[in-house]
Amino acid sequence: MNLTRRKTLALGGAAALAAMLPKGAAAATSEEWIAEFTGGADMADSGLELTAPEIAENGNTVPIEVSAPGASEILVLATGNPTPGVAKFTFGALAASQYASTRIRLAGTQDVVAIAKLADGTFAKASKTVKVTIGGCGG
Amino acid sequence: MAASALYGASGFGNWARLAAQQSLTQDQLLQFDTFGNVSLIHVTDIHAQLKPIYFREPEVNIGVGGNKGEVPHVTGADFRRLYGIEDGSPSAYALTWNDFSSLAKSYGKVGGLDRVATVINAIRADRPDAILLDGGDTWHGSMTCFKTAGQDMVNVMNALKPDAMTFHWEFTLGSERVNEIVEGLPFAALGQNIFDAEWDEPAELFKPYEFFERGGVKVAVIGQAFPYMPIANPRWMFPEYSFGIRDEHMQEMVDEVRGMGAELVVCLSHNGFDVDKKMAGIVKGIDVILSGHTHDALPEPVLVGETIIVASGSNGKFVSRVDLDVRDGRMMGFRHKLIPIFSDVITPDPEVASLIDEQRAPYAAELEEVIGHTDDLLYRRGNFNGSWDDLICDALLSEREADIAMSPGVRWGPSLLPGDPITREDIWNVTSMTYGEAYRTEMTGEFIKVILEDVADNIFNPDPYYQQGGDMVRIGGMGYRIDITKPQGERISEMTLLKTGEAIDAAKTYVVAGWASVNEGTEGPPIWDVVENHIRRQGTVSLSPNTSVEVVGA
């Protein structure tokens, strides 16, 4: 990997297409978010990869990545936050890859959940527990 | 081991049998029938111990989840039974805690990098192109290391000529100093999981892996630094760096080196043993994991699939030699020996001995000053408390006039025997760090419980990937009950203020003194001064057994 992201960006490379979700939806629970996104459809457990650290280095800015080949949309939820909605990524027909990364704020140890709407209209779900700890005491 | 296609043997049985002879020689300790075509030499978690020391292994080391009752969570008589070690033998002294004080008098101190040098030289005499790998926690842990910002260790380790190294406590020197040292290292500084925090991509200064052509074999060594550095240690000291286990990236690196023709893939790891075991089951294609961080010393490798995991102890007490037979791009077998460094048996290498003395000379008077004496064995290792920590907590309670004291559950720090003088060097050996301010603050009973629950989950979470290594925070002035099997938030109960016998009130405020806070701007005198003043006042230290922690579910 000789071409780093920092260099790519310096060359004026890619730009992400992400919409931070509106705060007005604050009252909605994770279940309501999921129900609205999927319309209650079943979610497969393959077809979507969610990458997140096991233990957050800093709960205020936790790097996460989602990748779902062929997906048109990916919804990301922080299920333990007062406002679970984090982001919805929309990929147009000309998107070269259905991949996105961002940093999210986590109020405490919780499951981060991602749901993708795949090319065939079905849904996939991935979940990962991210621990937010006060730390200290290394070996 | 039977289920594997690998042929393996461990030289441990040889030195276990020396028990009967009650005599040890350097030749016996080094005896090894050279095997295969590649030799690895592993040292790890030296914690700046240049000189011979005593080091008592833990009495309590509880495994959880799938690791309950599995090595390295086996101690004392169970450990001796597992490996066929006779009571009172040299191996019993080196690997278990029982009768430590009396066995220490028979068998003497362990470690010393001049003795380690002799062992490395002897292995290189057998196999000149053996690969020497340092698992990290090398540039931390003593007064001279602190005062020279790691330079004493760099100078001595360079004389041993390692081929590669990975990292943990090194980063607590601050990223500027780490960068400065690493840029000048005459060997590879590795860490596939050391990332640039801002860009979340591999840090340029640390290579993920290094290739070595040895015995006609293409060997790739992949580094794995301590994954939880910014959590277990102060993030503000190295804000440019991010870590994590990153096992997907580890798999990419393994695939990459295999694609480049690696016939043997070695992971030099500071994950900690249980994390390495889990990683070995997830990442495919690693032949050998040289495991560090959790300070376990195991006389035989542990096999996960076709990966062998080697644990080589701490504080310079052991060197592992691993000979491998690599043919047709495949590891066909291994021969392994955990070599205990009995300081009175192994002749020091004169060059390294004088180099060590050179590093210490400017500080000799400070190091050697006797501050007091101890009537009791002072040790640290164990999941809940050690007598060194009891002494440190007593010092915090009295010198800082606190209700409750907290001391970090670190695993480094040598032992002292009953009757020993306590020198300033001894105090620094168990307290030295770049964020050693002894704070004094107020905490509610509720917050104290939150801290205990948080730390307990970092040790006893059933999933190793959520464990940071280290032991439980040591508490002075307060007792509690812990149920290992419960989830976070429910493990700790019956918190009691010892001086009154009253239950801790969640809403009430208590004065708490502690040290090693990961928060920036922590104020207070250095912990080594606090402990020194306390010991000076005591003259001779005498400790009553600590029965304040009740452990359930182990």
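## The antiparallel sheet of chain A

Let's start with a pair of strands in this predicted model. In chain A, strand E4, covering residues 62-67, runs antiparallel to E7(A), and 6 bridges join the two. One position to look for on screen is Val66(A), which has Ala100(A) of E7(A) opposite.

Stepping back, this pair belongs to an open sheet of 3 strands in chain A, ordered E3-E4-E7, with antiparallel pairing. Strand E3 (49-51) and strand E7 (99-104) of chain A are the edge strands; each has a single partner strand, so one side of each is left without a neighbour in the sheet. From one strand to the next, the twist averages 15°.

## The mixed sheet of chain B

Now over to chain B. Here 7 strands make up an open sheet, and following them across gives the order E1-E16-E15-E2-E3-E4-E5, with mixed pairing. At its edges you will find strand E1 (7-10) and strand E5 (188-189) of chain B, each of which pairs on one side only.

Within this sheet, strand E3 (residues 131-134) and strand E4 (residues 164-165) of chain B run parallel and are joined by 2 bridges. Asp134(B) has Met165(B) in E4(B) as its bridge partner. As a reminder, strands of a sheet pair through backbone hydrogen bonds, in either a parallel or an antiparallel sense.

## An annotated stretch of chain B

There is also a record to set beside the model. An unreviewed UniProt entry lists residues 371-524 of chain B as "domain: 5'-Nucleotidase C-terminal". Across residues 371-524 of chain B, the chain is 24% helix and 27% strand. The C-alpha atoms at the two ends of this stretch lie 21 Å apart.

Key: Residues numbered from 1 in each chain as written. Chains lettered and ligands numbered in written order. Predicted model: local features only at pLDDT ≥ 70, side-chain atom pairs only at ≥ 80, totals over all residues. Pairing = 2+ DSSP bridges. Helix = DSSP H or I, 4+ residues; strand = E, 2+ residues; numbered from the N terminus. Axes fitted to C-alpha atoms, helices over the stretch in contact; angles between N-to-C directions. UniProt positions renumbered as here; feature names shortened; annotations may be inferred.
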